[in-house]
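Me: I'd like to go through the aromatic side chains in this one. Can you take a look with me?

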Amino acid sequence: MASVNLLIGVSLIYVTFLFVIAFFAERATARGQVKWLRSPLVYTLSLSIYCTAWTFYGAVGYAARSGMEFVTIYLGPSLVMIGWWWALRKLVRVGRAQRATSVADLISSRFGKSNLLAIVVTVMAVIGVTPYIALQLQSVTLSLAIFADPETGALNQSSAAFWVAFGLALFTVLFGTRNLNVNERHNGVVIAIAVEAIVKLIALLAVGIFVVWGVAGGVAPMMAQIDASPIGTWDMDRSRWLALTALSAAAFLALPRMFQVMVVENEDERHLKIASWAFPLYLMLMSLFVVPIAVIGLDLMPAGSNPDLFVLTIPLAEGQVGLATLSFLGGFSSATSMVIVATLALSTMVSNHIVMPVWLSARSEGAQVSGDVRNVVILARRASILMIIGLGYVYYRFSGGGAALAASGLISFVGVAQFLPAMLGGIVWRGASRWGALAGLLVGFAIWVFCSLLPSFGPGVVLSVDIFEQGLWGLGWLRPHALFGIEGMDPTVHAVAWSITLNMVAFIAVSLVTFPSPLERLQGAQFVNVFDHSGRAQGWDAARATSEDLMVMTQRILGAEEAQTLFRNEAARQGLDGGLPEPTQGFLQHLERELAASVGAATAHAMISQLVGGASVSVQDLMAVADESAQILEYSNQLEAKSHDLSRSAHLLREANQKLTALSVQKDAFLSQISHELRTPMTSIRSFSEILRATEGMGQVEKTRYASIIHGEAMRLTRLLDDLLDLSVLENGQVSLRHETGGLGDLLEKSIVTAQAGSTQPLSIRRRRVDEAVTLSTDHDRLGQVFINLITNAQKYCDAEAPELVISVHRDGPDLSVSFADNGTPIPDDDRRVIFEKFARVGNQDGSGAGLGLAICREIMTRLGGDVTHVHTESGNTFVVHLPSQSALAAQ
Amino acid sequence: MSTPAPTPVFLERRSYRRRRMMDALRLLPILGVFLWILPVFWPTPTDGPTAPETMALSTAVTYVFVVWLALIASAFSLWFFLRARPEMGEDASGEPF
């Protein structure tokens with residue numbers, strides 16, 4: 001019989017061997033020889049930490065108790081791996097794209113980097129996994145006790161468990177916290193696990209082969225013996241078969257240690273494809289001999305012996321000490337690899353999501369303190385490792401190690417399976433919100449604690465017998481094994497069904513009614529559409545962070561050398577010679593992910609946000625920026641409108657200016673004209689008066705002729721001056737109007753007679769007298785002056801061969817207008833604009849007019865409340881006199 | 001004169017084969033679920049005296065492990081053949097047929 005001391009010696013040698021392998025793997029990594037360390041084979045083997053001591057010892061015990069049911073624990077993961085395309089592919093991609101360091105990190109990152117969620121998940125994971133760690137310690141000490149010589153006294157199991165725990169903690173601390181960046185991966189640990197995976201597979205296969213060919217004598221006799229055994233018929237609780245398969249699949253995805261090896265330690269996504277068939281193969285080989293070993297154990301071993309240890313006791317009973325030792329090493333490997341990875345995963349969560357945030361917020365300086373944060377992180381992680389293994393040990397001591405291995409394992413599975421709705425929901429459903437995830441997790445966790453964890457201690461230990469029978473607070477529908485009054489379900493199935501169902505219901509329902517924050521929505525889109533765009537979380541307002549601050553902070557987390565390399569590379573990428581890179585958005589995102597790999601997404605985000613400013617995320621800043629741009633847009637629209645106005649005014653001004661310039665030219669022309677006009681008669685008057693004065697003996701006829709010339713010229717001057725005076729009076733508003741009532745026709749008649757008096761030029765005038773039967777109340781003299789002026793103009797300037805003037809009266813409602821249309825040459829457009837201005841003269845006319853007539857007309861009409869306009873027609877010129885509406889009293 | 005169509009209606013035989021293999025890969029776990037759910041319908045001793053004769057454990061073991069092996073072999077051969085072909089459009093949805 002092998003002594004315990006020998007076994008301990010063998011174990012120590014084995015552990016030393018693992019240390020050496022891990023050490024060389026780390027060395028090789030440091031030298032850059034990672035290729036063989038990171039082969040698909042190593043990845044597949046590292047997944048084997050799914051097979052813990054529970055598999056190694058417990059599966060046989062499970063089979064001895066319940067037949068084929070044990071296999072469900074391996075069918076679920078096999079299906080998940082074979083169906084990698086559906087869930088694992090996305091999970092691995094998301095985990096790598098977001099640099100998730102743990103399940104808690106992934107969930108918190110998905111739901112807006114919420115640290116609250118991370119803390120909840122971490123606490124749940126610690127509570128859920130601690131029994132599992134205790135289970136491993138228990139299995140190692142139990143297996144050691146088997147070898148203990150009954151005569152020299154039983155093994156002190158507690159102290160054995162303590163030393164096992166101590167050794168595991170030491171290994172994990174040494175190789176799990178060597179480098180801080182989890183994404184640099186723990187090559188030493190992974191290699192050690194891969195070696196252990198091979199050891200446990202070989203050990204179990206060896207025992208199996210020994211049992212089938214060494215004890216039973218071949219496959220056929222073995223089959224016969226299986227059928228003849230107490231478990232030889234198919235006796236399956238159907239609900240358990242289904243529930244356990246689903247549960248194991250869920251736990252495979254949600255277990256923190258599985259996430260660690262499957263996602264965090266994943267080097268290349270293609271490895272997953274190979275593992276999709278290689279890992280099911282591993283699982284199948286691990287389960288292949290479980291039933292034969294159980295059957296032979298039931299047959300050979302005395303009644304009452306622990307079936308969980310058949311793997312050890314059968315070789316021992318058959319005298320195969322070497323095989324038993326190998327088997328012990330296999331079990332030892334299973335237990336240690338699980339504890340190491342689980343502890344590593346949990347310690348990452350605890351230090352990143354609980355210790356670091358607390359430490360950071362406790363320091364008033366925030367992230368900008370001096371000193372090396374790296375040491376703090378590593379210290380936190382080491383403390384977490386010791387704490388978690390310590391918890392496992394304490395749990396082991398207090399639970400007394402009595403329960404069957406399989407049962408404790410299942411409880412743990414149900415606990416971690418509660419993460420699954422939030423995890424998978426988060427990567428397939430964009431509508432999943434933080435509060436939904438929190439509600440689902442808490443509901444599922446509460447049901448698990450009440451229906452699975454607490455009852456596992458047995459009636460009367462934590463939950464009183466009353467609660468089991470009467471329900472919580474005497475409420476019949478709150479019984480731990482019969483929630484809502486549904487009795488008769490298997491306790492495990494009951495716990496799985498209710499916790500997962502209500503977890504999902506709460507998750508979905510709360511997600512539906514809550515509204516996610518902008519950051520959550522961004523992250524949600526990134527997670528769900530990870531294959532469309534792998535990358536780009538939300539941005540930082542880069543301008544506010546200085547490179548020095550970032551450098552100082554990064555050094556403290558990644559270490560001086562790594563930080564400097566990172567910054568140097570970035571500076572080179574930006575094309576800067578040496579020195580520090582510009583803190584661009586892209587660089588900040590890159591940096592945040594680098595830091596996230598060390599301290600978790602939420603902490604990295606918090607640290608950068610302290611430096612960059614605005615502890616709340618820059619999405620809000622983006623929103624503000626968006627608001628600002630909206631305002632700017634509006635402002636620019638206003639500006640545009642104003643500029644339109646301005647250009648319109650400018651156009652008007654330009655037109656006015658042109659008009660003014662034209663007028664100025666006209667005025668100059670007129671001044672010279674009027675000087676000429678005034679001068680010409682003055683000259684005649686002066687010269688003729690000089691002739692009259694100087695010439696002696698002038699005849700009466702000549703005197704009369706000269707005097708009449710002088711008179712005529714004086715008359716012309718007077719007329720000119722009268723006109724100017726008249727216009728001046730009209731313009732200054734000093735004119736007094738004499739209103740009287742009279743017919744329009746009479747007024748026109750008088751005007752025509754006056755205008756044509758003394759005229760030699762023939763002008764035929766056509767009128768429609770019927771229309772003229774309108775009584776007007778206005779200043780008839782002034783209106784007549786306008787008419788006379790227009791008729792005289794036609795008379796003077798109409799250059800047609802047979803000049804004709806058509807005078808017509810139009811009524812349009814209250815408006816009355818009189819138009820004077822001649823058939824002369826139309827006034828050119830250029831002149832039309834100024835014909836109503838003073839001194840305006842059209843074309844090269846003779847000097848008989850002063851250019852004041854139309855100006856006077858318009859002034860008069862303005863005074864009378866009407867208007868006079870010129871209408872351009874093809875055949876001639878038409879002047880329209882618009883009479884004030886109130887002046888037309890009534891049609892007669 | 002013929003102008004090349006921007007997206008071919010029919011894929012060349014190689015890509016077509018690859019797409020169908022991806023389909024098979026996706027459906028494989030569903031087949032696995034179905035085959036491993038079947039034991040639920042096997043009679044058990046608790047079904048009562050009228051139930052058909054219960055299945056021997058050796059048969060059950062053989063069945064579960066044969067299914068397991070078949071699934072592994074299928075997954076392996078799909079991986080093997082997909083590996084040999086160029087990786088394109090694997091993640092794309094709405095691909096032509």
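Me: How many aromatic pairs does the structure hold over all chains?
Reply: This is a predicted model, and over all chains it holds 30 aromatic pairs. One of them is formed by Y50(A) and F252(A), whose rings meet edge-to-face at 5.4 Å centre to centre, with 80 degrees between the planes.

Me: And which parts of chain A does that pair tie together?
Reply: Y50(A) lies in the loop between α2 (40-47) and α3 (53-66), while F252(A) belongs to helix α11 (residues 238-254), so the pair ties together parts of chain A that are 202 residues apart in sequence.

Me: Are Y50(A) and F252(A) buried or exposed?
Reply: Both Y50(A) and F252(A) are buried.

Me: What about F56(A) and Y57(A), how are their rings arranged?
Reply: F56(A) and Y57(A) also form an aromatic pair, edge-to-face, with 5.3 Å centre to centre and 85 degrees between the planes. F56(A) has a relative accessible area of 0% and is therefore buried, and Y57(A), at 1% relative accessibility, counts as buried too.

Me: Back to Y50(A): which residues form one aromatic cluster with it?
Reply: The cluster that contains Y50(A) and F252(A) is completed by F70(A), Y74(A), Y132(A), F279(A), Y282(A) and F413(A).

Me: Switching to charges, what sits over the ring of W85(A)?
Reply: The charged end of R89(A) sits over that ring, 4.3 Å from its centre. From chain B, the charged end of R26(B) also sits over the ring of W85(A), in this case 4.1 Å from the centre.

Technical notes:
Residues are numbered from 1 along each chain as its sequence is written. Chains are lettered from A and ligands numbered from 1 in the order in which they are written. This is a predicted model: local features need pLDDT of at least 70, side-chain atom pairs count only at pLDDT 80 or more; totals for chains, interfaces and linings use all residues. Side-chain values use heavy atoms; hydrogens and water are left out. Rings of Phe, Tyr and Trp (its six-membered ring) pair if their centres lie within 6.5 Å; planes under 30 degrees apart count as stacked, over 60 as edge-to-face and the rest as tilted. Helices (H or I, at least four residues) and strands (E, at least two) are DSSP runs, numbered from the N terminus. Buried means under 20% relative accessible area, exposed over 50%, partly exposed in between (1.4 Å probe, protein chains only). A charge sits over a ring if NZ of Lys or CZ of Arg is within 6 Å of the ring centre and within 35 degrees of the ring normal.
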